[in-house]
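Thanks for making time, everyone. I'll walk through one structure, and please keep the viewer open while I talk.

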Amino acid sequence: MSVEMPIGQPAARRGFMTSYLEALSLVERLHRLLLDVIKDEFERVGVLEINAVQALLLFNIGDNEVTAGELKSRGYYQGSNVSYNLKKLVEMGYMHHQRCEIDRRSVRVKLTPRGREIRDIVSDLFTRHAQGLEDKSMLDVDGMDSIANSLRRVERYWTDQIRYIY
């Protein structure tokens, strides 16, 4: 990513913009890399019928019973993406679905035992990676907390931009 700064911008502003664009690029690359890491793990353990996005969806649902709308409102997924993947996961037997008693238009989903196995594979992978980062002194708790807090502040800023600019 590169952007030309208007002439006359202070060096500090240009420096911040450069760092901001680098951070955006890292977030994007890290998301793609996360999906590749999950895909690689599933290939290693011989689970080939499920993709990384679907595995991450199962992990994020965990032991909860949710609707597609709840997943979208939590900011995890885009509308058509989550609906398509939930449908596929139900068809493959990783999730149960049931119409809500109150709102018959809404469908609630939860993991089947097979879905919980996938969630556990992802959970074990994340546990191994967290231990590896810590064991190799790449990050400690304070460093990880600092990253998470900074990302939360960016998330809050972007959310406010969407809600209040228009």
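**Salt bridges, helix α5 and its neighbours**

Let me start with one residue: Asp 63 has a relative accessibility of 67%, so it counts as exposed. Keep in mind that this is a predicted model.

Which residue does Asp 63 pair with? The partner is Arg 119, and the closest N and O atoms of this salt bridge are 2.6 Å apart. Asp 63 sits in the loop between α2 and β1, while Arg 119 belongs to helix α5, so the bridge ties together parts that are 56 residues apart in sequence. Now the other end of the pair. Arg 119 has a relative accessible area of 15%, and is therefore buried, since the cut-off is under 20%. So this salt bridge joins an exposed Asp 63 to a buried Arg 119.

The loop between α2 and β1 has another pair to show. Glu 65 forms a salt bridge with Arg 108, with 3.3 Å between the closest N and O atoms. Glu 65 is in that loop and Arg 108 is in strand β3, so here the linked parts are 43 residues apart in sequence. Both ends have intermediate accessibility. Glu 65 is at 36% and counts as partly exposed. Arg 108 is at 23%, also partly exposed. Next, a network: Glu 41, Arg 44 and Arg 128 are joined through salt bridges that share partners.

How many salt bridges does a search of the whole structure find? The count is 11. One of them lies within a helix. Arg 32 bridges to Glu 28, closest N to O at 3.3 Å. Both residues are in helix α1, 4 residues apart, about one turn of the helix. Arg 32 is partly exposed, at 44% relative accessibility. Glu 28 is partly exposed as well, at 43%.

Step back to the whole chain. It has 166 residues, and buried ones make up 23% of them. There are 6 helices and 3 strands. From the N terminus, the order reads α-α-β-α-α-β-β-α-α. Take the contacts between residues at least 6 apart in sequence: 50% of them join residues at least 24 apart.

Now helix α5, the home of Arg 119. It covers residues 113-135. Does the geometry look like a bent or a straight rod? I'll stick to the span check. At 1.5 Å a residue, its 23 residues should span 33 Å, and the end C-alpha atoms are 32 Å apart, which agrees. Just after α5, Ser 137 takes a positive phi of about 55°.

Which residues of α5 are buried? They are Gly 115, Ile 118, Arg 119, Val 122 and Leu 125. What do the buried residues of α5 pack against? They pack against α1, α2 and β3.

Let's look at the α2 contact. The axes of α2 and α5 come within 8 Å and cross at roughly 95°. That makes the two helices, α2 and α5, roughly perpendicular. On the α2 side, the contact has Ala 55, Leu 56, Leu 58 and Phe 59. On the α5 side are Gly 115, Ile 118, Arg 119, Val 122, Ser 123 and Phe 126. By class, the α2 with α5 contact divides into 7 nonpolar, 2 polar and 1 charged. Note that Arg 119 appears in this contact and also in the bridge to Asp 63.

Helix α2 also packs on α1. Their axes are 9 Å apart, at an angle of about 95°. α1 and α2 are therefore roughly perpendicular to each other. From α1, the contact takes Leu 34, Leu 35, Ile 38, Lys 39 and Phe 42. From α2, it takes Ala 52, Val 53, Ala 55 and Leu 56. The classes for α1 with α2 are 8 nonpolar, no polar and 1 charged. Ala 55 and Leu 56 are listed here, and they are listed in the contact with α5 too.

Last stop, helix α6, residues 141-164. Leu 151 lies in this helix. At 46% relative accessibility, Leu 151 counts as partly exposed. How far apart are Leu 151 and Ala 23, in sequence and in space? They are 128 residues apart in sequence and 9.9 Å apart in space, C-alpha to C-alpha.

That's the tour. I'm happy to go back to any view.

Conventions
Residues are numbered from 1 along each chain as its sequence is written. This is a predicted model: local features need pLDDT of at least 70, side-chain atom pairs count only at pLDDT 80 or more; totals for chains, interfaces and linings use all residues. Side-chain values use heavy atoms; hydrogens and water are left out. The expected span of a helix is 1.5 Å times one less than its number of residues. Buried means under 20% relative accessible area, exposed over 50%, partly exposed in between (1.4 Å probe, protein chains only). Contact means heavy atoms within 4.5 Å. A salt bridge is a side-chain nitrogen of Lys or Arg within 4 Å of a carboxyl oxygen of Asp or Glu. Axes are lines fitted to C-alpha atoms, for helices over the stretch in contact, and angles run from 0 to 180 degrees between N-to-C directions. Angles under 35 degrees count as roughly parallel, over 145 as roughly antiparallel, 65 to 115 as roughly perpendicular and the rest as oblique. Ala, Val, Leu, Ile, Met, Phe, Trp, Tyr, Cys and Pro count as nonpolar, Asp, Glu, Lys and Arg as charged, and the others, Gly among them, as polar.
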